[in-house]
Amino acid sequence: MTTLNALLLVANDAEAVERLESQFATAGLAEVIAAAAECDVVLTIATLDPVKHAEKTYARNAIIHSLLANPAPLVDRLLLAVGAQKLRPTLAKSPVGRLINSLSATDPSRTFARAYSRKPAKLAGHFDLVIASDTAAIRTAWLLNRRHRATAAFFGEAAAIATLRESN
């Protein structure tokens with residue numbers, strides 16, 4: 001039987017934990033993916049706060065990696081020092097400001113992508129399936145797919161599971 005390497009990217013831990021707990025209250029995410037794909041699954045969860053996921057039902061049989069860097073990347077430390085994060089709510093009030101927020105280094109998707117890129121040695125080199133659990137993780141999933149480090153990338157567990165069921 002083949003083994004499917006799956007990666008769940010979790011940038012917004014609070015949002016993802018609540019949703020994953022309700023969707024996978026009885027079975028682990030790795031078990032559900034394995035049933036849909038009809039093969040063994042090695043699930044890796046890459047998150048900023050691994051403690052929030054450690055004892056949860058959905059994380060059963062999963063490898064959990066922390067993306068917290070100690071110290072934080074230089075870019076993030078400089079942005080914190082100049083107070084760039086404080087500008088985000090003010091800029092979010094106008095269309096041009098939202099565009100600036102999305103292009104700036106303080107964008108949550110860019111921050112998560114930087115955190116993931118600092119920890120590549122701990123994670124497998126290639127994944128068959130990458131799941132972005134929230135909008136801030138989409139950029140990282142897209143980059144992994146674009147750089148040929150992932151065979152398929154999805155936004156949300158439901159889309160990945162549905163596609164696996166259809167392909168079998």
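In which loop does H148 lie? H148 sits in the loop between α7 (135-146) and β5, and we will come back to this residue once the overall layout is clear.

First, a word on what you are looking at. This is a predicted model, in which local features need pLDDT of at least 70 and side-chain atom pairs count only at pLDDT 80 or more, while totals for chains, interfaces and linings use all residues. Residues are numbered from 1 along each chain as its sequence is written, and side-chain values use heavy atoms, with hydrogens and water left out.

Let's start with the whole protein. The secondary structure comes to 8 helices and 5 strands; here helices (H or I, at least four residues) and strands (E, at least two) are DSSP runs, numbered from the N terminus. Walking from the N terminus on, you meet the elements in the order β-α-α-β-β-α-α-α-α-β-α-β-α. The radius of gyration is 17 Å, close to the 15 Å that the globule rule gives for 168 residues, so the protein is as compact as a globular protein of that length. That radius is taken over C-alpha atoms, and the globule rule is 2.2 Å times the number of residues to the power 0.38. Along the principal axes, the C-alpha atoms fill a box of roughly 50 × 35 × 30 Å.

Next, the inside and the outside. Of the 168 residues, 42% count as buried, where buried means under 20% relative accessible area, exposed over 50%, and partly exposed in between (1.4 Å probe, protein chains only). Among contacts with a separation of 6 or more, 67% are between residues 24 or more positions apart; a contact means heavy atoms within 4.5 Å. The accessible surface comes to about 9,100 Å², and 59% of it belongs to carbon and sulfur atoms. These areas come from the Shrake-Rupley method with a 1.4 Å probe, and for residues, only the protein chains shown count as cover. As for charge, there are 19 positive and 15 negative side chains, with the centres of the two sets 13 Å apart. In that tally Lys and Arg count as positive and Asp and Glu as negative, while His and the chain ends are not counted; the place of a charge is NZ of Lys, CZ of Arg, CG of Asp or CD of Glu.

Now turn to helix α8 (residues 157-167), where E157, A160, I161 and L164 are buried. Seen down the axis of α8, its buried residues fall within an arc of 95°, so they line one face of the helix. The arc is that of the directions from the helix axis to the C-beta atoms. A general point helps here: an α-helix has 3.6 residues a turn, so residues three or four places apart point the same way. What covers the buried residues of α8 includes β1 (3-10), α1 (13-23), α2 (29-37), β4 (127-132) and β5 (150-155). On the face turned away from the buried side you will find the exposed residues A158 and E166.

For a view of the interior, pick out I45 in strand β2. I45 is buried, with a relative accessible area of 0%. Leaving aside neighbours within four places in sequence, I45 is in contact with L8, V10, Y58, A59, A62, I63, I64 and H65. One of these partners, V10, is 35 residues from I45 in sequence, and their C-alpha atoms are 7.2 Å apart.

Two other helices offer a charged and a polar example. R114, in helix α6 (residues 108-117), counts as buried at 19% relative accessibility. Not counting residues up to four places away in sequence, R114 touches V75, D76, L79 and A105. S102, in helix α5 (residues 95-103), counts as partly exposed at 31% relative accessibility. Beyond its neighbours within four places in sequence, S102 is in contact with D107 and R110.

Finally, the loops. T26 is in the loop between α1 and α2 and is exposed, with a relative accessible area of 74%. Leaving aside neighbours within four places in sequence, T26 is in contact with T57 and R60. E38, in the loop between α2 and β2 (40-47), is exposed at 56% and has a positive phi of about 55° although it is not a glycine. That brings us back to H148, whose phi is near 60°, a positive value in a residue other than glycine. At 66% relative accessibility, H148 counts as exposed.
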